[in-house]
Every structure is written in C-alpha cells, then in structure tokens.
Amino acid sequence: MMERVYVRASRDYDVLIGAGLLDTCGGEIAAVTASRRCALVTDSTVAPLYARRVEASLRKAGMDVCTYVFPAGEQNKNLTTYGAILEFLAEQKLTRSDFVAALGGGVTGDMAGFAAATYQRGIDYIQLPTTFLAASDSSVGGKTAVDLAAGKNLAGAFWPPRLVVCDCGAFSTLPPDTFADGVAETLKHGLIADRDFFDFLMKEPIRDHLPAVVKRNVEIKAAVVAEDEREQGKRKLLNFGHTLGHAIEKCSGYAVPHGHAVAIGMVLASRAAERLGYSPGGTLAAVIAANVRHNLPIKCSYTATELYDAATGDKKRRGGTIDVVVLEEIGRARTVELDMEGLRAFAEAAL
Ligand SMILES: NC(=O)c1ccc[n+]([C@@H]2O[C@H](COP(=O)([O-])OP(=O)(O)OC[C@H]3O[C@@H](n4cnc5c(N)ncnc54)[C@H](O)[C@@H]3O)[C@@H](O)[C@H]2O)c1
Ligand SMILES: [Zn+2]
C-alpha cells in the first residue's frame, strides 16, 4: 500500500510513502519529469545499501543515471562537498532540463537540494529520504542548505522538490540512535500541532506504525508550509527546540546529531518557558517523559553562556532579536520575540 500526501507550495508536489518504493521510484519519477537524465547524490553509508536499487529502478524507467557519493556525516554538509557536487553536475554535463535525486538522510537532502537550487540557477530534484528524520521532516518543505563555520544552515535556498518518495523499509538498517533522531522531530510535530498525535506516540510503538506516523508528520509539516513557505510567521513554530538545539550541535562540533540536539533543545525550551511563565505547569514533565520513553537525551552538557554565545553568534554585538518557540499547551505553540538580554535570561532559565 502506498500513501500519497499532496503538498501545496510555490510549486506543488506529492510525497509518496510506503514499503519497497526504492524499487519502483523510477516509474513514479518518470511520471513527474520529462527528463531522462538524473544525477543521483548519496553518502558513503547509504550508497552500498541502496544506490543499486534506485539506479536499477531509474534505468528501468528509461533514465540515464550518474551517481555521486560523498563522505557521510554532518561535518561534510559544507561548502566543500557542495562545491564538489556542483562540479560533478557540470562534468556530467547536466542541463537545466535534467534533475538531481537525493538518496539519504537530511544531510544529503539539504545539500543535494541546495546544489539543485543553484546549479544553472536551479534544476529539479527528487527527495528519496532513507532516515526516519528525513522522511518525517527534512525532505518536505523545500528548505535546502549547507553549514558554514559560523553556524548551521547559514547558506541555502527555498527550493521545493518535484517529488518525495519515502520507502519506510529503508529505516530497517538505521542505527537505533539515528532512528531516534527522527522520533525527536516527530515528537516536535505532536507537541506544537497535534495533541492526539502526541498521545498516540506516548502509547504505541512507533515502529509498528511507520507509514502512518511518517504520513502524519508530513501532513503536519505540509499544512504549516502551505501557509508560510518562506518562514515569515507560522513556519517558525517548526523551530521548537531548535534555537538551543542548534547551539548544542555547534558547541559539540556537530558530534551531537541534529535530532538528539533538538530533543535536548525541547526540554530546555520547555523548562525556560515554564519558569518564565509562557507554558503551564506540567509541560516540561511531559516533554521529559516523551524523550525518556523514546531513548532521547534530556540533559545538556553546556552552560547557559556557551549556549547563548553559540545561538547569537555575531548578533549580540549588533543587537536585534531572536524568536524562540514556546508551548502554550501540549499540541499548541507560539513564538516569543526576545532581544539579546531576553535570550540570555531564556538560556539561563533553561538549565
Ligand atoms: N531541510 C529541513 O527542513 C530540515 C529539517 C530537519 C533537519 N534538517 C537537517 O537534516 C540533517 C539531519 O538529518 P539526518 O538525521 O537524516 O542525518 P544524516 O543525513 O547525516 O543521516 C544520519 C546517518 O545515517 C546514515 N543513514 C542514512 N540512511 C540510512 C539507512 N537507511 N540505513 C543506515 N544508515 C543510514 C547516514 O549515512 C548518516 O551517517 C541535519 O543537517 C539537519 O539540519 C533539515
Ligand atoms: Zn530539525
């Protein structure tokens, strides 16, 4: 069985969710593009596991495929790898009517998407997410990026994919911690937008309901993106746990993976919000219980000053404000605009 979620954006696209789709993705892709030439971009862990199957399916659908493999890991989500992907596309003489297929986790999707967004001023790309996180979050919404030395995702573009094909069967090879990264963003979706979904996640084993859970994640994200694709307002709510989460990633030199950092960031934001009176009592306890149930961390090993410095970068000299997301209740969130002093107080109350 295959689920289909329609995403309304500046360019509409479908998200297909099911088991075994890596073997049939070629036909689905051929249905949305007239091009018969594809550059498959994937990382060194995913390539030996799944690239063959995707190449075979694309070729079966009449496509000519060339494959670029980069070394796996967030530390390679940088300008060097991004530049190498662009050079590969040029060497392979991809034209504006050809397309890129991103096979892998969020690192691959964000970086191959950014390469597609900028190669010859933008060519089509397809997302083939293989992590639970990429399927449930990063492959949808059209945000593409690489990290700079100054911080996460600082160079990027809004560039919607043509199609997202999610084969939940690929999650079977994920290390438990990497699976848990996706659970963190899943809990986030429940916490900010859907109390019933959050309650479900607290009762049912997620692995027993994978296509349904991915589908609900995609629906929640798609609804937000349809309203505010370029993050002028409502989309900011998807950043719950991310202001301090990104700071943790940066402080750790990206040794703490994104999902784990967000999990801790949600605990920190909930503690600060409860102490500062934005969230009702019990919010922090609910977030901690959710993390514990799903083998996600709840403790931060950095000080408020370290987090504040990492979160503000240059901004503290220039002044300005930062939006943080707080829960008004489980299932409903809002943003709070903080100046630099406010953010310092928030970071202090978070620990
Ligand atoms: N664009 C967005 O809206 C958005 C949203 C959330 C996160 N992100 C970004 O996504 C990234 C995190 O994504 P991620 O957690 O998928 O990281 P990732 O892409 O680094 O994948 C995690 C690890 O799992 C491996 N892997 C991938 N699929 C596998 C499989 N099926 N079996 C075994 N191993 C597999 C990868 O090689 C990697 O080592 C971060 O850079 C984050 O900033 C972007
Ligand atoms: Zn995230």
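**Exercise 1. Helix 9**

Task: list the buried residues of helix 9 and name the elements they pack against.

Solution. Step 1: H242, T243, L244, G245, H246, A247, I248, E249, K250 and C251 are buried in helix 9. The model is predicted: local features need pLDDT of at least 70, side-chain atom pairs count only at pLDDT 80 or more, and totals for chains, interfaces and linings use all residues. Residues are numbered from 1 along each chain as its sequence is written, while chains are lettered from A and ligands numbered from 1 in the order in which they are written.

Step 2: a residue is buried if 20 or more other C-beta atoms lie within 10 Å of its own, exposed if 12 or fewer, and partly exposed in between, with C-beta atoms placed from the backbone. Helices (H or I, at least four residues) and strands (E, at least two) are DSSP runs, numbered from the N terminus.

Step 3: helix 9 covers residues 242-251, and 10 of its 10 residues are buried, so the rest of the structure largely encloses it.

Step 4: the packing partners of these buried residues are strand 8, helix 10, helix 12 (304-312), strand 10 (321-329) and helix 14 (340-350). Contact here means C-beta atoms, placed from the backbone, within 7 Å.

Step 5: after helix 9 comes G253, with a positive phi near 65°.

**Exercise 2. Helix 4 and Q120**

Task: compare the span of helix 4 with the expected span, then describe its burial and the residue Q120 just after it.

Solution. Step 1: helix 4 has 13 residues and reaches 18 Å from its first C-alpha to its last, close to the expected 18 Å. The expected value is 1.5 Å times one less than the number of residues.

Step 2: helix 4 is mostly covered, with 12 of its 13 residues buried. Among them are G106, V107, M111 and F114.

Step 3: Q120 belongs to the loop between helix 4 and strand 6 (124-129). Phi of Q120 is positive, near 45°, in a residue other than glycine. Q120 is partly exposed because it has 14 other C-beta atoms within 10 Å.

Step 4: a second such case is N153, which lies in strand 8 and has a positive phi near 55°. N153 is partly exposed, with 15 other C-beta atoms within 10 Å.

**Exercise 3. The two domains**

Task: describe how domain 1 and domain 2 are placed and what the side of domain 1 that touches domain 2 is made of.

Solution. Step 1: the protein is divided into domain 1 (3-173) and domain 2 (176-350). These bounds come from an automatic or database domain assignment. The domain centres, taken over C-alpha atoms, are 26 Å apart.

Step 2: 28 residues of domain 1 are in contact with 27 residues of domain 2. On the domain 1 side, strand 1 (3-7), strand 2 (13-18), helix 5 and strand 8 each supply at least two residues. Helix 5 provides the largest share, 5 residues.

Step 3: by class, that side of domain 1 has 14 nonpolar, 9 polar and 5 charged residues. Ala, Val, Leu, Ile, Met, Phe, Trp, Tyr, Cys and Pro count as nonpolar, Asp, Glu, Lys and Arg as charged, and the others, Gly among them, as polar.

**Exercise 4. The shell around ligand 1**

Task: locate ligand 1 relative to the domains and describe the residues around it.

Solution. Step 1: the shell around ligand 1 takes residues from both domain 1 (3-173) and domain 2 (176-350), so ligand 1 lies between them.

Step 2: there are 32 residues around ligand 1, of which T45, G105, G106, V107 and S138 come nearest. A residue is near a molecule if its C-beta atom, placed from the backbone, lies within 6 Å of it.

Step 3: elements that each supply at least two shell residues include helix 2 (46-60), helix 4 (106-118), helix 6 (176-193) and helix 10 (258-275). The shell divides into 9 nonpolar, 15 polar and 8 charged residues.

**Exercise 5. The largest nonpolar core**

Task: give the size of the largest nonpolar core and its best-connected residues.

Solution. Step 1: such a core is a set of buried Ala, Val, Leu, Ile, Met, Phe, Trp, Tyr and Cys residues joined through C-beta atoms within 7 Å. The largest has 113 residues, and V100, A101, A115 and A269 have the most contacts inside it.

Step 2: helix 10 gives the most to this core, 10 residues. Domain 1 and domain 2 each contribute at least three.

Step 3: not counting residues up to four places away in sequence, A269 touches F240, G241, L244, V324, V325, V326 and A350.

Definitions and conventions:
Two residues are in contact if their C-beta atoms, placed from the backbone, lie within 7 Å.
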